[in-house]
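Trainee: Please take me through one part of this model at close range. I would like the surface first, then what pairs up and what lines the open space.

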Amino acid sequence: MKIHITAEAESDLVDGFWFYESQAPHLGSYFRSCLISDIDSLVFYAGTHGIAFGFHRALSKRFPFAIYYQMESKTVIVIAVLDCRRQPSWIRQRLDEQ
């Protein structure tokens with residue numbers, strides 16, 4: 001199983017990094033490490049997560065973020081990495097743009 005992270009999802013990770021880095025030194029790096037680990041686990045667990053807004057949704061183990069992805073053949077495509085504290089209507093609109 002391969003993992004492809006879209007440019008939009010990479011941008012989400014960068015935004016999250018800077019948010020947490022502004023909260024405390026090195027917290028942004030910890031955020032990035034945790035989310036990359038969660039994304040890497042999709043190699044083994046892809047497809048086992050529930051569907052939300054038309055995409056599989058995996059919840060991060062350490063941060064209030066969700067990884068939205070779809071599966072095509074033997075590839076997991078990470079569509080977005082979004083903060084679960086956002087309004088559901090905002091999340092739906094963001095995912096509808098995909």
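**Surface patch, salt bridges and pocket**

Mentor: Start with F44, which is exposed at a relative accessible area of 69%. The cut-off for that word is over 50%. Keep in mind that this is a predicted model. F44 sits in helix α3. That helix covers residues 42-45 and gives the most to a nonpolar patch on the surface, with three residues. The patch is formed by M1, V43, F44, Y45 and M71. Together these five have about 530 Å² of accessible area.

Now the charges. Side chains of opposite charge can pair when their charged atoms come close. How many salt bridges does the rule count here? The count comes to two.

Take D12 and R94. Their closest N and O atoms are 2.7 Å apart, and the two form a salt bridge. D12 lies in helix α1 (residues 7-23) and R94 in helix α4 (residues 88-96), so the bridge ties together parts that are 82 residues apart in sequence. Are the two partners buried or exposed? D12 is buried, with a relative accessible area of 10%. R94 is buried as well, at 11%. Buried here means under 20%.

The other case is R85 with D83. Their side chains meet in a salt bridge at 2.8 Å, N to O. D83 has 15% relative accessibility and therefore counts as buried.

D12 and D83 also turn up in the pocket lining. Rolling a probe the size of a water molecule over the atoms shows where empty space is left. The largest pocket holds about 190 Å³ of space. Which residues line the largest pocket? They are D12, D15, G16, F19, F65, V81, L82, D83, R86 and W90. Helix α1 gives the most to this lining, with four residues. Strand β5 (75-83) and α1 each supply at least two. By class, the lining has five nonpolar, four charged and one polar residue. So D12 is worth a second look, because this lining residue is buried at 10% and also bridges to R94.

Stay with α1 and move to V14, which has its place in that helix. V14 counts as partly exposed, at 44% relative accessibility. R32 is 18 residues from V14 in sequence, and the C-alpha to C-alpha distance is 8.2 Å. Set A24 beside that. A24 and V14 are ten residues apart in sequence but 16 Å apart in space, C-alpha to C-alpha. A24 lies in the loop between α1 and α2 (27-40). A24 is partly exposed, with a relative accessible area of 29%.

Finish in α4, the helix of R94. D96 lies in α4 too. At 56% relative accessibility, D96 counts as exposed, whereas R94 is buried at 11%. D96 and F53 are 43 residues apart in sequence, with 8.2 Å between their C-alpha atoms.

To recap, F44 is exposed on the patch side. D12 is buried, pairs with R94 and helps line the largest pocket.

Notes:
Residues are numbered from 1 along each chain as its sequence is written. This is a predicted model: local features need pLDDT of at least 70, side-chain atom pairs count only at pLDDT 80 or more; totals for chains, interfaces and linings use all residues. Side-chain values use heavy atoms; hydrogens and water are left out. Patches are made of residues with over 30% relative accessible area and no salt bridge: like charges are joined within 9 Å, nonpolar side chains (Val, Leu, Ile, Met, Phe, Trp, Tyr) within 5 Å. Accessible areas come from the Shrake-Rupley method with a 1.4 Å probe; for residues, only the protein chains shown count as cover. A salt bridge is a side-chain nitrogen of Lys or Arg within 4 Å of a carboxyl oxygen of Asp or Glu. Buried means under 20% relative accessible area, exposed over 50%, partly exposed in between (1.4 Å probe, protein chains only). On a 1 Å grid over the protein atoms alone, a cavity is a set of points where a 1.4 Å probe fits but cannot get out, and a pocket is an open set with protein on both sides within 12 Å along at least five of seven lines; lining residues have an atom within 4 Å of a point. Grid points are joined across faces, edges and corners, and a volume is the space filled by probe spheres set on the points. Ala, Val, Leu, Ile, Met, Phe, Trp, Tyr, Cys and Pro count as nonpolar, Asp, Glu, Lys and Arg as charged, and the others, Gly among them, as polar.
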